[in-house]
Amino acid sequence: MVRSMNDLMDDAGFAVIVEGLTKKFGDFTAVDDIAFHVLRGEIFGFLGPNGSGKTTTIRMLLGLLMPTEGQMTVLDFQVPGQAEQVRLRCGYMSQKFSLYEDLTVAENLRFFGRVYGVPPRRLRRRSREIIVMAGLAGRGNELTRNLSGGWRQRLALGAAILHDPDILFLDEPTAGVDPVSRRQFWDLLYTLADQGKTIFVTTHYMDEAENCHRLAFIHRGRIVATGSPQTLKQTQMSGEVLEIEVDCPEEALRSLKTDPTFTEVALYGRRLHVVVPEAVGARAQIQHLLGAVGVSVSRMVVIPPSLEDVFIARVR
Amino acid sequence: MLRRTLAIVIKEFRHIQRDPRSLAVMFLIPVVQLVLLGYAATTDVQYLPIGVVDYDHSLPSRSLLNAYRASDYFTIAAYLPDESALRSEVDRGKLRGGIIIPAGYGRDLEKTGKAQVGFVVDGSDPSIAQTAFSAAQAVGQAKSAEVVRQRLHIASEAEPGIDVRARVWYNPEMRSQNFMIPGLIGTVLTLITMLMTALAIVREREWGTIEQLVVTPVKPLELVVGKVIPYIFIAFWDLIEILVIGVWWFKVPIRGSVPLLLQLSALYLMTSLALGLLISSVANTQQEAMFLSYFILLPSIFLSGFFFPVEAMPKALQLVSDLVPLKYVLIIVRGVILKGVGLPDLQGPVLAVTLFGIVLLLVAAARFRKQGI
């Protein structure tokens, strides 16, 4: 499913180029001198915790918010100057559900289609396709209010692609949606990417970030790392990750945290992830430390780091 | 441009259609207001129940009472033994006033041609008391003129010295309905267009759908025009509702041209729509928009001369009332309906309404340009 870097480079270059972008709200710097680029046809993930500047960046890219400083190019148009042209060619799903709840599924699609100037005949066809795509076949006359989470999300995506845009901006599209629906939603995104659409998606779900072709980690308004999930795991991690199974994880966590050589100690269910500079020496040290507090280790292996490990390591 | 505006108009009509409660309110507002103003808020005095305390029981006293009974202003509802009984009836609200004829009234009138009669009025409602008072005096004066003529042996058909022939123009029966119901057109137009426009725009902000609209090719002007059109239709529907019920049920005469009335009402819509837009540029929630609308509407109603004549207000308030657009609309609407005047006689108020409309629309447009939708 995931295409190679070479495929992506063969496409027509960059969809988004951002340089030196800064946004200040009074004394607060929401976005602090960030730079990144998005290739045409890729799914680009913007990953960061709430309040890290993800939505502010998207709103600036759409020309909804004036940047304090910096350059933005979207689909070869300058933003905010040429935002009008960009808007004709992009689809946007804001964080809040933004269809009309008192209109039916079909009425919502018809409204947004008309507003985008989709010709009537084409609009009828697209509406039918999108209703099927969203899994809403036969429910076109239902009020949007009565749809549950996953359907709403897919319908909102449908409304955003009605006019066949080249690039999609999705702001936390799967927040508050159940795992099955999230999976279905991502399958749709892959289909769209295969059709050549560029997708810029923000999320704070690490598992979703794994699905992106490339990622940027944003933290407190700064980009702390960019690259494909594989590259990030291989290059952005100083040290190795040890996964440890013990009989008393809480006690083990407390004791390992006292040692400064372990840059990161975190609990994942009943297992501990410990980031160490070098695995061989650390094994003995951990055995020793845990033995001293009476915790017995049943298993200890080196594992490839998860994106979460990388993210946490980068923001420390 | 047209297609996008039309898309918004269609969508807006759907919203209205899906909200049956607001829909009912919009169509019932005129009916409810008409009934309230037509019946309840009348200041006409007719058949006011009064009591009689007659200590004299003479022929002249009965003749005086007949004169009161003959006027349509009063009904003699009770004969009471003394003033304290009258007072307790007025206290209980059974009577609104009373006539007290002292003992010896007939004899004094016979001998000296002079006699005194007491008249009391419940003054809790000043405007009713005022009318009752004048009516009581008028009846008394007519009676007294008759007495004088009899004493001088002049035939009652003969001309008195000065004959003041009062004639009421435009509203000869002086029915307050004829005054109130045309005024209602102005207030209902303001209410529907100002409040509903403000709500329709603020609602999108509250729902978060505005964010989605702003990234579409819709221009702010298209959005505003599309949102406003359905409410213009409803406003005119309400206007026609008021005219039809007013004429057919309350027998309000329409003396002027109905097309002129509709044209000038449309001119006024510019002002009330601009006010709605201004409110929506300030309010973040529908509740705030409601409060702001009433904050504008209530003082407007009182200062416009809808209930009380502007001429009776203190000078300072009269100056403030010059800034109330509704005042000019009421002059126009009452002028056309009651006086049957045309454009030449309404130049002043029409100019004022036009100016208000242009200035307010420009201010609203500037605010929208500055902050976006």
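## Two chains, their domains and their interfaces

In chain B, the domain assignment gives domain 1, made of residues 2-41 + 175-371, and domain 2, residues 48-151. Do keep in mind that this is a predicted model. Chain A is also assigned a domain 1 (5-234) and a domain 2 (237-315). The points below walk through the domains of chain A, the contact of chain B with chain A, and a residue of chain B, B:Ala67.

**How the domains are spaced**

- In chain B, the C-alpha centres of domain 1 and domain 2 are 48 Å apart.
- In chain A, the centres of domain 1 and domain 2, taken over C-alpha atoms, are separated by 37 Å.

**Where the two domains of chain A meet**

- Domain 1 of chain A brings 15 residues into contact with nine residues of domain 2 of chain A.
- Between them, domain 1 and domain 2 of chain A bury about 1000 Å², and carbon and sulfur atoms account for 76% of that area.
- On the domain 1 side of chain A, the residues that lose the most area to domain 2 are A:Met206, A:Phe217 and A:Lys233, which together make up 51% of what that side buries.
- Looking for charge pairing here, the rule finds zero salt bridges across the interface of domain 1 and domain 2 of chain A.
- Polar contacts between these two domains of chain A also come to zero residue pairs, with both residues at pLDDT 80 or more.
- Four elements of chain A each supply at least two residues to the domain 1 side that touches domain 2: helix H8 (206-209), strand E9 (214-219), strand E10 (222-227) and helix H9 (229-235).
- E9(A) gives the most to that side of domain 1 of chain A, with four residues.
- By class, the domain 1 side of chain A that touches domain 2 has 11 nonpolar, two polar and two charged residues.

**Where chain B meets chain A**

- The contact draws 23 residues from chain B and 28 residues from chain A.
- About 2300 Å² is buried between chain B and chain A, with 59% of it from carbon and sulfur atoms.
- B:Arg3, B:Gln212 and B:Val215 supply 28% of the area that chain B buries against chain A, more than any other three residues.
- Three salt bridges are counted between chain B and chain A.
- A:Arg59 forms a salt bridge with B:Glu211, where the closest N and O atoms are 2.9 Å apart.
- Across the interface of chain B and chain A, 13 residue pairs are found in polar contact, both residues being at pLDDT 80 or more.
- On the chain B side that touches chain A, helix H1 (2-18), helix H7 (176-207) and helix H8 (209-214) each supply at least two residues.
- H1(B) gives the most to that side of chain B, with nine residues.
- The side of chain B that touches chain A divides into nine nonpolar, five polar and nine charged residues.

**A look at B:Ala67**

- B:Ala67 sits in helix H3 (residues 59-70) of chain B.
- B:Ala67 counts as partly exposed because its relative accessibility is 22%, and the partly exposed class runs between 20% and 50%.
- Leaving aside residues up to four places away in sequence, B:Ala67 touches B:Val139 and B:Lys143.
- B:Ala67 and B:Gly140 are 73 residues apart along the chain, and their C-alpha atoms are separated by 8.3 Å.

Conventions:
Residues are numbered from 1 along each chain as its sequence is written. Chains are lettered from A and ligands numbered from 1 in the order in which they are written. This is a predicted model: local features need pLDDT of at least 70, side-chain atom pairs count only at pLDDT 80 or more; totals for chains, interfaces and linings use all residues. Side-chain values use heavy atoms; hydrogens and water are left out. Domain bounds come from an automatic or database domain assignment. Contact means heavy atoms within 4.5 Å. Buried area is the accessible area (1.4 Å probe) that two parts lose on being put together, summed over both. A salt bridge is a side-chain nitrogen of Lys or Arg within 4 Å of a carboxyl oxygen of Asp or Glu. A polar contact is a pair of N or O atoms within 3.5 Å; within protein, one must be able to donate a hydrogen and the other to accept it, and residues adjacent in sequence count only if both atoms are side-chain atoms. Ala, Val, Leu, Ile, Met, Phe, Trp, Tyr, Cys and Pro count as nonpolar, Asp, Glu, Lys and Arg as charged, and the others, Gly among them, as polar. Buried means under 20% relative accessible area, exposed over 50%, partly exposed in between (1.4 Å probe, protein chains only).
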